[in-house]
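Hello,

Here is the structure I promised to pass on. Please open it first, then read my notes below.

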Amino acid sequence: MADQNPVFIPGPTNIPDRLRNAMHIQSRDHRAPDFVETFAPVLRDCKKVFGTENGEIITFPASGTGGWEAAICNTLSPGDKVLIARYGMFSHRWIDLCERHGLEVQIIECSWGSGAPADQFEDVLKADNPQTIKAVLVTHNETATGVLSDIAAVRRAMDSAGHPAMMFVDCVSSLASVPFEMDNWGVDIAVSGSQKGFMLATGMAILGVSKKALAAMETATLPRTFFDFRDMMTANATGGFPYTPPLQLIYGLKESLSMLFEEGLEQVYARHHRLAEGVRRAVSAWGLKLCANSPELYSNTVSAIYVPEGFDSNRLTEHAFSKYGVSFGIGLGEMNGKAFRIGHLGSLTDVMVLSGLATIEMAMADLDYPVALGSGVRAAQEYFRQTAA
Ligand SMILES: *Cc1c(COP(=O)(O)O)cnc(C)c1O
């Protein structure tokens, strides 16, 4: 029965029946005409979610990490300099990937719990003379700390420094859950994946790529074969794929886009805000603290929550899983043992979120946390009652 329980990890997220059914298809010939008819509209409709009319959508059979790799190896050359701030596990892993590709990575170290430091980016870019930094890499939603960064502010910083670097944004755990405006923010590559806001199985990296990034491809010499943008775009132009496409995911993505548009993107974002706020009310009623340093950084897709001094967050998440059959996110990297995470993105309702809050409260009570049973659930209930449509 435990597989009836929702997961409260920030990806992979709960897959609604409608999308499981959409992915439940027999193998089909991707060279047959009906594949062309399916795939082209999917690529076109993805643009609305990325907020781009000028960019191209490029997908690969990969998890989000593959999307990072594709962004780098299509646009940069060995020894190229990139600027990136480290404020959590995902920005850390993107740095590692760049270093392994032989890029020169200029790192701004930030405390975990802070967001992208637009001011520091501006200072570094102004001091970059001659201008050798090729790209600024930003993690939009740092899933390890529950911090959402202001990408428009990074764009303003780059513009005010008069710097021509490209901007690459990891929006794996934010796209299709919180607003994303690729064109307005001047994002050159936005990297996402199928298993978070799109509510699908893992296995498709989905990228928005600007004209400027496509132009950079002409001179970029990092090796790429599987992740070659040009091969993919050339094949996609006739409805094809350079190799065997992940058909089930493509059919799933088609249906996912329909679900998102039926609800309305604005309503999807409002739902994520409301559910996240219910979780935050619970955290505050428990007397616990979020990792995010300040309210404007609070993520509407995941909350990272410090356990009280002297408690081990890994024991808490293990206990919730073994006794109640419910998964919560563990603390990653520096947060390991100190914080747990509640993923609140994708296919979720008030009722589902309340079940997760009730479960983690039971687990905390079992482990003698100084938290009153029912206090967080009650705070979220009050908020949901007041704000229900
Ligand atoms: C999930 C996630 C990724 C991608 O991880 P994969 O496991 O490779 O799909 C990248 N960045 C962020 C911020 C994420 O949350």
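**The ligand site**

An oxygen atom of the ligand sits 2.8 Å from a polar backbone atom of Gly64. This is a predicted model, so please read every value below as computed from it. Two side chains also come up to the ligand through an N or O atom. For Thr65, that atom is 2.5 Å from a ligand oxygen. For Gln195, the distance to a ligand oxygen is 2.7 Å.

Which residues surround the ligand? Ser63, Gly64, Thr65, Trp68, Phe90, Asn141, Thr143, Asp170, Val172, Ser173, Gln195 and Lys196 do.

**The seven-stranded sheet**

Next, look at the open sheet of seven strands. Its order is β1-β9-β8-β7-β4-β2-β3, and the pairing is mixed. Which strands stand at the edges? They are β1 (56-60) and β3 (104-109). Each has a single partner strand, so one side of each lacks a neighbour in the sheet. On average, neighbouring strands here are turned by 20 degrees against each other, direction ignored.

Strands of a sheet pair through backbone hydrogen bonds, either parallel or antiparallel. Take β2 (residues 81-86) and β3 as an example. They run parallel, and six bridges join them. Val82 has Val105 in β3 as its bridge partner.

A helix lies over this part of the sheet. Helix α4 (residues 89-100) crosses β2, β3, β4 (133-139) and β7 (166-170). Relative to β2, α4 runs at about 155 degrees.

**Strands β10, β11 and β12**

Now move along the chain to β11 (residues 302-306). Four of its five residues are buried, so to speak of β11 as mostly covered is fair. How does β11 pair with β10 (residues 289-290), parallel or antiparallel? The pairing is antiparallel, over two bridges. Here Lys289 stands opposite Tyr306 of β11.

β11 pairs with β12 too. That pairing is also antiparallel, and five bridges make it up. Ala304 has Arg341 in β12 as its bridge partner.

**Helix α12 and what follows**

Helix α12 (residues 350-366) has 17 residues. From first C-alpha to last, α12 reaches 24 Å, close to the 24 Å expected at 1.5 Å a residue.

An α-helix has 3.6 residues a turn, so residues three or four places apart point the same way. Keep that in mind when you look at the buried set. The buried residues of α12 are Val353, Leu354, Gly356, Leu357, Thr359, Ile360, Glu361, Ala363 and Met364. What do they pack against? Their partners are α10 (265-286), α11 (313-324), β12 (339-343) and α13 (375-387).

After α12 comes Asp368, with a positive phi near 60 degrees. Asp368 lies in the loop between α12 and α13. Is Asp368 buried or exposed? Its relative accessibility is 63%, so Asp368 counts as exposed.

**Backbone details to check**

Most residues other than glycine have a negative phi, and most peptide bonds are trans. The places below depart from that pattern.

- Ala176 has a positive phi, near 70 degrees, though it is not a glycine. It is found in the loop between β7 and β8 (189-193). With a relative accessible area of 1%, Ala176 is buried.
- The peptide bond from Gly11 to Pro12 is cis, with omega near 0 degrees. Pro12 belongs to the segment before α1 (17-23).
- Asn129 and Pro130 are also joined by a cis peptide bond, with omega about 0 degrees. Pro130 is in the loop between α5 (118-127) and β4.

**A buried aspartate**

One last stop is Asp45, in helix α2 (residues 33-50). Why does Asp45 count as buried? Its relative accessibility is 17%, and buried means under 20%. Leaving aside residues up to four places away in sequence, Asp45 touches Leu257 and Phe261.

**Where to start**

If time is short, begin with Gly64, Thr65 and Gln195, which are among the residues around the ligand. Then follow the sheet from β1 to β3 in the order given above. Finish with α12 and its buried residues, among them Val353 and Leu357.

Best wishes

Notes: Residues numbered from 1 in each chain as written. Predicted model: local features only at pLDDT ≥ 70, side-chain atom pairs only at ≥ 80, totals over all residues. Heavy atoms only, no water. Pairing = 2+ DSSP bridges. Axes fitted to C-alpha atoms, helices over the stretch in contact; angles between N-to-C directions. Contact = heavy atoms within 4.5 Å. Expected span 1.5 Å × (residues − 1). Buried < 20%, exposed > 50% of the residue type's maximum accessible area, 1.4 Å probe, protein only. Near = heavy atom within 4 Å. Polar contact = N/O pair within 3.5 Å; in protein donor to acceptor, adjacent residues only side chain to side chain.
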